[in-house]
Amino acid sequence: PRSTLFPYTTLFRSASVDLDFADSQYYGGTLANLISVTRASTGYASDIAGNWTSFGNNVPRITDQGLLIEESRTNSITNNSMQGASAPSTFPTNWGDWADANGGANVGTVVGTGTENGIDYIDIRWHGTGGSGYPNGVAGVFLDKTHPALSAGQTLTLSAFITLVGGTLSGVSQIKFDTSELPSFDEVYSPDLSSSLAGGALGLARFSTTLTAEAGTTAYLPAIYITVQNGVAFDLTLRIGWPQGELGAFATSPIRTTSAAVERKADVVTPTGLAQTTLNAVTGTAVAVIQAGKMSSVAARILDSNGTALLGFTSSNTLTDAITSSLTTANTAFRTGIKDAVAVAWDLTGRLLALNGGTAVTDAVAQTPSATLRLGSDGSAN
């Protein structure tokens with residue numbers, strides 16, 4: 001927000017256009033007159049407190065964290081809103097209790113379902129005494145027994161909101177995301193999540209891991225897998241919200257599903273009116289305060305003109321050329337969770353770029369914005 005980063009009266013007092021999404025302050029016209037947004041689907045975004053809100057088709061996803069712009073992704077977990085669940089023993093449609101499927105003793109109990117921070121969740125309790133070996137030494141839940149098969153080498157990112165709402169982690173060795181590849185029964189595990197589990201707001205407790213399919217399969221079962229200690233009593237209740245499986249090397253915002261996979265379309269944000277006219281100037285300067293997440297394509301931009309990066313830089317803050325300069329390298333966060341201030345000046349002779357007040361770098365590629373500009377993307381799915 002401007003109040004904590006840059007006072008309006010000192011930095012942007014001479015700006016022709018100013019879009020302060022985090023503080024909902026817009027100079028040069030109303031928001032509707034300064035940008036247009038195309039996204040042919042619902043999308044979610046969160047505020048600083050972890051409350052998630054649904055935004056309809058073509059509505060900009062703006063909260064007190066700013067404007068969220070993402071590529072297209074599909075959630076392949078078909079029922080992450082827990083449809084069909086009821087206490088004490090009916091798991092959501094397409095889900096399954098690990099013990100029921102594998103003959104173990106550590107059967108899960110459905111405590112209930114609900115909504116927290118706008119997120120659908122289910123509370124599941126596991127308790128008893130850990131047995132020796134598989135399957136009596138494990139518990140957990142399959143998140144989608146109908147999940148489509150993956151080809152060997154494909155990358156799937158699993159994510160879910162998870163908090164501990166009952167009992168303790170005593171007697172629990174580890175809690176992991178797990179994928180069971182059938183019929184080979186190969187399993188791929190995430191790192192242990194248990195040390196990071198706590199109470200608190202569900203909307204601030206999202207975990208993710210990226211797994212790679214080891215072999216072509218006829219079934220692919222994503223799960224949350226709990227290992228318990230042999231001969232030790234355990235009792236814990238996990239609140240699980242909006243699990244997601246998406247092809248890609250990182251998690252994007254949650255995509256709600258009820259009975260089938262759902263695609264969230266890409267956000268395409270276009271300056272209009274005075275904003276477009278200002279950015280089309282032969283000579284100009286643009287400043288952006290951003291919080292960079294990960295992105296799949298090195299063509300991702302802060303400000304793009306018909307596929308040419310007007311405002312963008314590589315992870316080493318080195319300009320290459322107008323086509324390949326980008327915010328970050330593919331699948332790598334620049335500085336996730338930290339707001340960066342970047343600025344660019346352009347004219348017919350080239351471009352100058354500075355990051356967080358550091359030494360400016362330049363190139364000699366003429367920058368003459370024309371036609372359609374984009375914010376945060378190149379106008380495609382990136």
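Mentor: First, a word on labels: helices and strands here are DSSP runs, numbered from the N terminus, with at least four residues (H or I) for a helix and at least two (E) for a strand. Pro88, for instance, sits in the loop between β8 (73-75) and β9. Keep in mind that this is a predicted model.

Trainee: Then what is the mean pLDDT of the protein?

Mentor: The mean is 84, and 82% of the residues reach 70 or more. Watch residues 1-11, though: pLDDT is below 50 there, and this stretch has 20 contacts in the model beyond near neighbours in sequence.

Trainee: Back to that loop. Which kind of peptide bond, cis or trans, leads from Ala87 to Pro88?

Mentor: Start with the general idea: most peptide bonds are trans, and most residues other than glycine have a negative phi. Here the Ala87 to Pro88 bond is cis, with omega near 5 degrees. The bond from Tyr134 to Pro135 is cis as well, again with omega near 5 degrees, and Pro135 lies in the loop between β11 (119-129) and β12 (138-142).

Trainee: And where is Met82, and what is its phi?

Mentor: Met82 is also in the loop between β8 and β9. Its phi is positive, near 65 degrees, in a residue other than glycine.

Trainee: Now sheets. In what order do the five strands of the open sheet come?

Mentor: Read across the sheet, not along the chain. The order is β9-β12-β17-β14-β15, with antiparallel pairing. β9 (96-97) and β15 (186-189) each have a single partner strand, so they stand at the edges with one side left without a neighbour in the sheet.

Trainee: How many bridges join β14 to β17?

Mentor: Ten, with β17 covering residues 219-228. To find the register, pick a pair: Asp178 has Ala223 of β17 as its bridge partner. On the β15 side, β14 pairs over four bridges, also antiparallel, and Glu181 is partnered with Asp186.

Trainee: What connects β14 and β15?

Mentor: Three residues lie between them, making a hairpin, and Phe185 in the turn has a positive phi of about 65 degrees. For another hairpin, go to β24 (339-347), which is joined to β25 through two residues. Those two strands pair antiparallel over six bridges, with β25 at 350-355, and Ala343 faces Ala354. β24 also pairs with β21 (284-291) over eight antiparallel bridges, where Gln291 stands opposite Lys339.

Trainee: Which residues line the second largest pocket?

Mentor: The idea is that rolling a probe the size of a water molecule over the atoms shows where empty space is left. In this case the pocket holds about 170 Å³, and its lining includes Trp98, Tyr134, Phe142, Ser180, Phe185 and Leu221. You've met Phe185 in the hairpin turn and Tyr134 at a cis bond.

Trainee: Which element gives the most to that lining?

Mentor: α4, with three residues. α4 (98-102) and β14 (172-182) each supply at least two. By class, seven of the lining residues are nonpolar, two polar and one charged.

Trainee: One last loop: what does the side chain of Asp47 reach?

Mentor: Check the side chain against the backbone. Asp47, in the loop between β4 (43-46) and β5 (52-55), reaches the backbone nitrogen of Ala49 at 3.0 Å. Leaving out residues up to four places away in sequence, Asp47 touches Thr63, Asp64 and Gln65.

Note on methods: Residues numbered from 1 in each chain as written. Predicted model: local features only at pLDDT ≥ 70, side-chain atom pairs only at ≥ 80, totals over all residues. Heavy atoms only, no water. 1 Å grid on protein atoms, 1.4 Å probe; cavity = no way out; pocket = protein on both sides within 12 Å on 5 of 7 lines; lining within 4 Å. Points joined across faces, edges and corners; volume = space filled by probe spheres on them. Nonpolar A, V, L, I, M, F, W, Y, C, P; charged D, E, K, R; others polar. Pairing = 2+ DSSP bridges. pLDDT = per-residue confidence, 0-100. Contact = heavy atoms within 4.5 Å. Polar contact = N/O pair within 3.5 Å; in protein donor to acceptor, adjacent residues only side chain to side chain.
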